[in-house]
Amino acid sequence: MRVKPLMLLPPVLFLALALTFWWGMQREDPNNLPSTMIGREAPSLPETALNDNELLTAEMLRQPGVKLVNFWASWCPPCRAEHPTLMALARDMPVYGVDLKDNPDDAQRFLDKDGNPYAAIAADPRGRAAIDWGVTAPPETFIIDGKGRILHRHAGPLIREDYTNRFLPELQKALAAEK
């Protein structure tokens, strides 16, 4: 009995797909989404401030010292959950915000009610800057060095074990490198 070459195609395709899935599951942290921005200069920022807040500029990101850029929105429940962490971080370092696809009045009400951790805020109503930064969904926080380069991208809220086990070690490493 002779096997036709087309009959081998489905098992070969299935094997290739199974190997791809297996390889993906063998990664160190399968939930980690690697960023192509690590080590690069931070992308451009929106040129509009949120209401009367100070506008976040590229020059601010090139100031000496470690700083954070947080993409957030008032309509985002995980952003609200991480807000106390951002308030605490803002006591020790500059935290900058990019308000993503949000109603400016809603965003300002949220900050007025719960406190404003941001030294400056840009508004990104259409999400164009978020695309340039590689943001998949708010909240996302970037650790930026004193030269304006991205050192780390953290997707998700800065809360609980995710904050202490994934984000905090990267922040401590960045702070140690700046000394």
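**Exercise 1. In which loop does proline 139 lie?**

*Solution.* The model under study is a predicted one.
Step 1. Locate the residue: proline 139 belongs to the loop between helix H5 (128-133) and S4.
Step 2. Examine the peptide bond before it. Proline 138 and proline 139 are joined by a cis peptide bond, with omega about -5°.
Step 3. Place this beside the general rule: most peptide bonds are trans.

**Exercise 2. Describe the surroundings of strand S1 (residues 67-72).**

*Solution.*
Step 1. Establish how far the strand is covered. S1 is mostly covered, with 6 of its 6 residues buried.
Step 2. Separate the two faces. Lys67, Val69 and Phe71 point one way, while Leu68, Asn70 and Trp72 point the other way, and all are buried.
Step 3. Identify the partner strands. S1 and strand S4 (residues 140-144) run antiparallel and are joined by 5 bridges. S1 and strand S2 (residues 95-100) run parallel, and 5 bridges join them as well.
Step 4. Name residues that face each other. Asparagine 70 is opposite threonine 141 in S4. Valine 69 stands opposite tyrosine 96 in S2, and in S4 the bridge partner of valine 69 is phenylalanine 142.
Step 5. Follow the chain from S1 to S2. Together with helix H3 (residues 77-89), the strands S1 and S2 form a right-handed β-α-β unit.

**Exercise 3. Are the residues of S4 buried or exposed, and to which strand do 5 antiparallel bridges join S4 besides S1?**

*Solution.*
Step 1. Count the buried positions: 5 of the 5 residues of S4 are buried, and the strand is mostly covered.
Step 2. Assign directions. Glu140, Phe142 and Ile144 point one way from S4; Thr141 and Ile143 point the other way.
Step 3. Find the partner. S4 is joined to S5 by 5 bridges, and the two strands run antiparallel. Within this pairing, glutamate 140 stands opposite alanine 155 in S5.
Step 4. Inspect the connection. The hairpin of S4 and S5 has 5 residues between the strands, and in this hairpin glycine 148 adopts a positive phi near 85°.

**Exercise 4. Analyse the course of helix H6 (residues 160-178) and its buried residues.**

*Solution.*
Step 1. Compare the span with the expected value. H6 has 19 residues and reaches 26 Å from its first C-alpha to its last, close to the 27 Å expected at 1.5 Å a residue.
Step 2. Look for a bend. At phenylalanine 167 the helix H6 bends by about 40°, and proline 169 follows within four residues.
Step 3. List the buried residues of H6, which are Tyr163, Phe167, Leu171 and Ala174. The elements that cover them include S1, H3, S4 and strand S5 (150-155).

**Exercise 5. How many aromatic pairs does the model contain, and why is the pair of tyrosine 163 and phenylalanine 167 classed as it is?**

*Solution.*
Step 1. Apply the distance rule. Two rings pair if their centres lie within 6.5 Å. By this rule there are 6 aromatic pairs.
Step 2. Classify the pair. The ring centres of tyrosine 163 and phenylalanine 167 are 5.8 Å apart and their planes meet at 25°; the pair is therefore stacked, since planes under 30 degrees apart count as stacked.
Step 3. Relate the pair to the helix. Both residues lie in H6, 4 residues apart, which is about one turn of the helix.
Step 4. Test burial against the cut-off of under 20%. Tyrosine 163 is buried because its relative accessible area is 15%, and phenylalanine 167 is buried because its value is 0%.
Step 5. Consider a further group: ring pairs link Phe71, Trp133 and Phe142 into a cluster.

**Exercise 6. Examine lysine 101 and arginine 160, each of which has a positive phi.**

*Solution.*
Step 1. Recall the general rule: most residues other than glycine have a negative phi.
Step 2. Consider lysine 101. Its phi is near 50°, and lysine 101 lies in the loop between S2 and helix H4 (104-114).
Step 3. Consider arginine 160. Its phi is about 45°, and arginine 160 lies in helix H6.
Step 4. Decide on the exposure of arginine 160. The cut-off for exposed is over 50%; with a relative accessible area of 62%, arginine 160 is therefore exposed.

Methods: Residues numbered from 1 in each chain as written. Predicted model: local features only at pLDDT ≥ 70, side-chain atom pairs only at ≥ 80, totals over all residues. Heavy atoms only, no water. Buried < 20%, exposed > 50% of the residue type's maximum accessible area, 1.4 Å probe, protein only. Pairing = 2+ DSSP bridges. Right-handed = clockwise from strand over helix to strand, strands pointing away. Expected span 1.5 Å × (residues − 1). Bend = angle between axes of the 7 residues up to and from the residue. Contact = heavy atoms within 4.5 Å. Phe/Tyr/Trp six-rings, centres within 6.5 Å; stacked < 30°, edge-to-face > 60°.
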